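Me: I would like to learn how to read the features of a structure one by one, with the general idea placed before the particular case. Could we go through the one shown here together?

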Amino acid sequence: MKLFKQLLQASNLLPLGIMWMDEQGRILGANEKLLQELGLGQEEIVQRSILEIDPYTNLLNWRRRWKRLMSDGSLNEKTELISRDGLVFPVRIYYVLMEIEGNPVCCATIENIKLSERFRKLFSLTSKIARLGAWEWDIQKNEFYLSPETKDLLEIDLPGSQFSADQTWKLLSDRLEKDQQPVLKDAMKKVRNSGTSNEMEVVFHFAEGRKQRFMLIAQAVQFDDFTTRVYGSIQDVSSISARSEEMYMAQVTMEHALEMIFWIASDGSVFYVNEAAAEKLEYDRSELIGMKVFEFSPEMNPETWEDHWDELREKKLLEFESYHITKSGEKMPVTLSLNYIKYEDEEYNCAIVRDLSRKKERDLRIRLFEFTINNFPDMALWITEDGSLEMANPAACRALDYQEKELLGMKIWDIIPTLDSSAWKAFWLSMQKTGNRTLQGLKRRKDGELIDTEITASFLRFGGKQFICQFGKDVSGRIKQSKNLELAMKSVAYSNDMIFWVRKDGSFAFTNQAVSSKLGYTEEELKSMTLFDLDKTYTQARLESTWKDLRSGSMIEAEVEIYKKNGKPLPVEATAYYIRYQDEEYRCSIIRDVSEKKKKEAQLKEALDHISKLSEQLEQEKSYLQEEVNVNYNFNNIISKSNKYKPVLQKVRRVADTDATVLILGETGTGKELLARAIHNLSGRSSRAMVKVNCAALPENLIESELFGHEKGAFTGAYQKKVGRFKMADQGSIFLDEIGELPLDLQAKLLRVLQEGQFEPLGGTTTVSVDVRVIAATNRNLEQLVGEGLFREDLFYRLNVFPIRNLPLRERKEDIPLLTQHFLKRFSDKMGRKDMKISEAAMKRLMAYEFPGNIRELENMIERAVILSSGESLNLSSILPDLKRQSIKNRRKHFPTMEELQREHIVNALKRTNWKVTGKQSASELLGMNGKTLASRMRKLGINRQDFMDNL
C-alpha cells in the first residue's frame with residue numbers, strides 16, 4: 001500500500017502518537033512517537049491488535065466502536081495503554097475513519113495525558129510530606145514495582161525498583177508481625193481474584209525495635225474479567241488513625257491521575273485541574289482555571305464554601321457525596337475528598353473527585369446480572385475441579401427437580417449419566433486448554449428421567465478458584481423438531497420436483513438439486529439468475545401481479561415452459577405459495593417436469609386413435625385369440641410309452657428354449673400340431689399365444705391377407721384394416737401347418753420375415769417389424785418340391801434349421817393300447833357311457849391294423865365304435881369289415897418307394913457298424929460309398945442317430 005507508507009512516514013513529523021487499525025482491530029502501523037512510548041518496534045506492533053495494548057478493550061467493545069465510526073466518522077475516548085515493559089499510562093485517543101486505497105481504515109491520534117513535570121514534582125513533594133509511596137503488582141510477570149518513596153518508607157536498601165514476587169514477600173515478611181503475614185497475603189489474593197479494591201492497616205518492625213503503622217490500599221485492574229495488575233499505595237499513618245489527604249493524593253498519583261483533581265484557593269478559585277477533570281466536566285482546562293468551584297458544584301455557594309474551608313482547616317480532610325454539572329448541563333454524581341495542604345505558607349484545598357457514574361453503573365450491572373441469572377430460563381451450574389456443584393440457578397433446580405441445597409451436595413456425574421470421575425478429569429484438562437466448548441448431552445432428573453440438553457461450557461477463574469460454568473438448555477423438543485426439519489430439508493433437497501424460493505425482484509434465494517440437474521445450471525450460476533432468465537415470456541408486470549395475488553392468500557397454478565441452459569424449452573407444471581420469514585417475503589415455487597407426461601399423453605392419444613381404428617378389427621380376431629390363449633397344451637397331451645418316440649420328445653425339449661425355426665415332418669394324423677404346441681409351451685414365449693395357420697385350408701387369394709394383413713381398400717371387399725397372423729403372433733409363436741402348400745409368390749415374403757422379422761401388409765407402404773418364432777409342419781417331401789420348382793430352396797433351408805420327424809403310428813404300435821384307452825375314456829365320458837372297456841381280442845385286431853391315417857384315424861375309429869356300442873364293452877364288429885378293407889388297401893398302397901428302401905438300407909448299414917459313418921469298418925465302407933457322399937445322403941433322407949436311440 002504505497003499511500004499508507006507515505007502517511008506512515010509523514011506521521012513521524014507529528015508530536016502525537018499515530019496508529020492505524022483495520023475492522024478487526026489489527027494494528028497496521030504506528031509512528032515513531034507512539035512506538036517510543038510503547039517501547040515497541042514497527043515489526044512488533046503490526047503483529048498485535050488494539051486488544052493487546054488497551055486493557056479496557058475487548059472484541060465486543062471494538063466492534064461497537066467500529067460501528068459508531070461507520071455511522072459518525074469519528075469519536076474520542078479516554079483509556080490506558082500498556083507498554084512493552086508492562087507500564088500503564090493514561091491516554092486520550094481520537095478515532096477517525098478514513099479510506100486508504102479502497103479499504104476502510106481507522107486512524108487513531110493518541111495523546112499521552114500523564115501529569116506534567118511540574119505537577120509530578122508537586123505530587124512527589126506531597127508524597128514525601130504525606131510519607132506516601134506507590135507500588136504495583138504485575139500478575140502476569142509476578143513482579144512488584146516499588147516506588148522510591150515506598151522503598152524509603154520500608155527502609156529497603158536494594159538497587160532498582162522491580163522485584164520478584166518471592167523477593168518482595170520476603171522483604172515484607174521480614175518486617176511484618178507473624179500474625180499479619182497471612183492476613184496481608186489473603187487480602188492481596190482477594191483483591192486479585194475479585195477484581196475489587198481493599199485497604200488495611202499493618203504494623204512493620206524496623207531496626208532498634210521501632211514499630212510503625214502503615215495504611216495499605218490496593219486496587220485491581222482487570223481485562224476480560226481477569227486481573228492483570230494490582231496498583232496500591234502505602235502511607236505511614238503512625239501519627240493518625242484515619243486516612244489523610246496525602247493518602248488520596250498518593251492514590252491518585254498511583255492511578256496516573258484517573259480521578260478528577262482540583263487545586264482550589266481559599267476563595268473557591270480553581271488554579272489547577274487535571275485532564276480527567278477537564279474531560280469529565282467537558283471544559284478545556286483553560287476554562288476551568290479561574291472558575292469558582294460553585295459554578296460547577298451547585299450545592300456550594302460562597303457562604304457554604306467558607307464553612308467548608310473553616311472545617312477543612314480544622315479537620316484537614318472532608319469527605320462527602322455531591323454532584324457536579326458538566327458544561328452541557330448533565331448531572332454527574334461524585335464523591336469529594338477535600339484535603340487541606342499548606343505549601344510555602346500558602347493554603348490549598350486539594351479536592352479529589354471520583355465520578356460515581358461508573359460505580360453506580362457497575363453496581364446496577366451486578367444487580368442486573370444476579371437478577372438475570374436467577375431469572376435465566378436455562379440451567380446454569382458452576383462446577384469445581386473435583387466435580388462438586390458450587391452453585392445452581394433456579395432454572396437448574398426446576399429442570400432437574402432438586403432443591404438448591406440438594407444440588408450443592410452432589411457431583412456433576414450424579415446428573416450427567418455419561419460422566420464419571422475419570423471422564424470429568426479429562427474434560428477439565430481439555431477445558432483448561434480450549435476455554436469454551438459447546439456439546440450435546442443428557443441430564444438426569446431426580447426421578448431418573450433423561451432430558452436432551454445443549455451445553456455451553458466455559459472455563460473461569462474467580463476469587464482464586466477455577467470453575468467450569470455450564471449453561472444447559474433443554475432441547476428435547478428442539479431435537480425432535482430438528483430431526484423433522486432435517487428430514488424435511490432432505491426431502492426438499494433431494495425432491496425430484498424443482499423447488500425455488502424467489503425474492504420480490506425475481507432472484508433466487510434457494511434452489512434444490514433438481515433445478516441444477518434438470519436445467520443444467522450450476523449452483524453458482526443460479527445465484528445470479530432470476531425468473532426472467534428461465535421464462536422468456538415473463539414480464540415485470542406479470543411478476544408484480546403474481547405477488548399481489550400471492551399476498552392475498554391465493555395459490556397460483558399454471559402450465560408454462562422454462563428454458564434449460566442449452567436453450568431447449570422444458571414444459572412444466574408450476575405451483576406458487578406466499579411465505580413470509582424473518583420479515584422477508586418469498587415466493588415458494590414447486591415446478592414439476594411434465595415433458596415425459598406430455599410425451600406419454602401424445603403417445604396415448606396416438607395409441608387411442610390407433611386403437612379406435614383397430615377396435616372393429618380386433619373384435620373380429622378376439623374370439624380366435626381367446627380360444628388360442630385358453631388352450632393349455634403340454635407333454636400330458638402327447639400320450640406315448642414307446643422308446644422309439646422318446647428321441648422325438650427329447651428334440652422338442654432341446655429346441656423349445658431357443659428361438660430356432662422348427663420344421664416338423666410326418667404323415668397326416670401323426671400329431672404334428674401337438675409337437676408344435678409342446679415346443680411353444682416349453683419356451684419363454686409360453687405367456688403369449690401360438691397362432692396357427694393351415695396353409696392348405698386357405699384360398700390362394702386370401703392367404704397373404706391372413707398372414708400379413710391388409711390396409712383398408714387394398715382390394716375389393718377390404719372395407720377395413722386387418723391385422724395379419726404374424727402381427728398377432730408378435731412376441732409369441734406362429735405354427736404354419738401344411739407349409740408345402742404355400743404359393744410360390746408368398747414364399748419370398750415369408751423368407752423375408754424369417755430373415756429380417758419385417759413385412760409390408762397387403763396394400764400398405766409401412767414396414768412392420770415383428771418378433772415371431774416360426775414352427776412349420778408338412779407331410780410332403782419339401783426337397784422333392786424344391787427339385788420340381790414348387791418350393792423355394794432358400795426358404796427350405798431357412799425352415800429346415802431344426803427338423804423333427806414325427807413317427808407314424810405303425811412305427812410305435814406299443815402306444816396303440818394307451819391311445820385307445822385315452823380316446824375310449826374321453827368319448828364315453830362325453831356321451832355318458834361310463835366304464836366302457838375294450839376286449840383283448842379287439843385290442844389285438846387294432847394292433848394288427850397299419851393305421852395309414854395314424855392317430856387321427858384311431859381317434860375317429862374309437863369315437864365311431866363308442867357311438868355304435870350298446871353295452872359296457874366296446875363293439876368293434878361294426879367297423880371290422882372296414883378295418884379289413886382298409887388293411888388290404890393299405891397293403892396295396894404301402895409298397896415302399898426307392899427313397900424309403902434306400903433310407904432303410906443305409907440305416908441297417910449304420911446299425912451294423914455301430915453308426916460309424918466313415919473310416920475302416922464303417923457304413924460307407926460297407927455300402928461302397930464315399931464318406932462325404934454318405935453323409936450328404938443321410939442329411940437328405942433325414943437320418944439322425946438320435947432318432948434310433950432306445951433311451952433318452
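Reply: Let us begin with a single residue, keeping in mind that this is a predicted model. Gly789 is partly exposed, with a relative accessible area of 43%, and Gly789 sits in the loop between α29 and α30. The C-alpha atoms of Gly789 and Leu744 are 9.1 Å apart, although the two positions lie 45 residues apart along the chain.

Me: Which residues have the most contacts inside the largest nonpolar core?

Reply: In soluble globular proteins, nonpolar side chains tend to be buried together. Here the largest nonpolar core has 33 residues, and those with the most contacts inside it are Phe726, Ile734, Leu736, Ile739 and Phe791. Several elements each supply at least two residues of this core, among them β29 (733-737), α28 (744-756) and α30 (793-799), while α28 gives the most, with five residues. Leaving aside neighbours within four places in sequence, Phe726 is in contact with residues including Leu707, Ile734, Leu750 and Val774. There is also a second, separate core of 28 residues, which includes Leu172, Leu216, Ala220 and Ile234.

Me: How many disulfides does the structure hold?

Reply: A disulfide is a covalent bond between the sulfur atoms of two cysteines. The structure holds zero disulfides; for Cys106, the nearest cysteine sulfur is that of Cys107, 7.2 Å away. Cys106 is buried, with a relative accessible area of 0%, and Cys469 is buried as well, at 4%.

Me: Which parts of the chain does the salt bridge between Lys465 and Glu390 tie together?

Reply: A salt bridge is read from the distance between a side-chain nitrogen of Lys or Arg and a carboxyl oxygen of Asp or Glu, with a cut-off of 4 Å. For Lys465 and Glu390 the closest N and O atoms are 3.8 Å apart; Lys465 lies in strand β21 and Glu390 in strand β18, so the pair ties together parts that are 75 residues apart in sequence. Lys465 is partly exposed at 46% relative accessibility, and Glu390 is partly exposed at 36%.

Me: Are the partners Asp659 and Arg685 buried or exposed?

Reply: Asp659 is exposed, with a relative accessible area of 53%, whereas Arg685 counts as buried at 9%. Their closest N and O atoms are 3.1 Å apart. By contrast with such links between distant parts of the chain, Lys825 and Asp829 both lie in helix α31, four residues apart, about one turn of the helix.

Conventions:
Residues are numbered from 1 along each chain as its sequence is written. This is a predicted model: local features need pLDDT of at least 70, side-chain atom pairs count only at pLDDT 80 or more; totals for chains, interfaces and linings use all residues. Side-chain values use heavy atoms; hydrogens and water are left out. A nonpolar core is a set of buried Ala, Val, Leu, Ile, Met, Phe, Trp, Tyr and Cys residues joined through side-chain atoms within 4.5 Å. Buried means under 20% relative accessible area, exposed over 50%, partly exposed in between (1.4 Å probe, protein chains only). Contact means heavy atoms within 4.5 Å. A disulfide is a pair of cysteine sulfur atoms within 2.5 Å.
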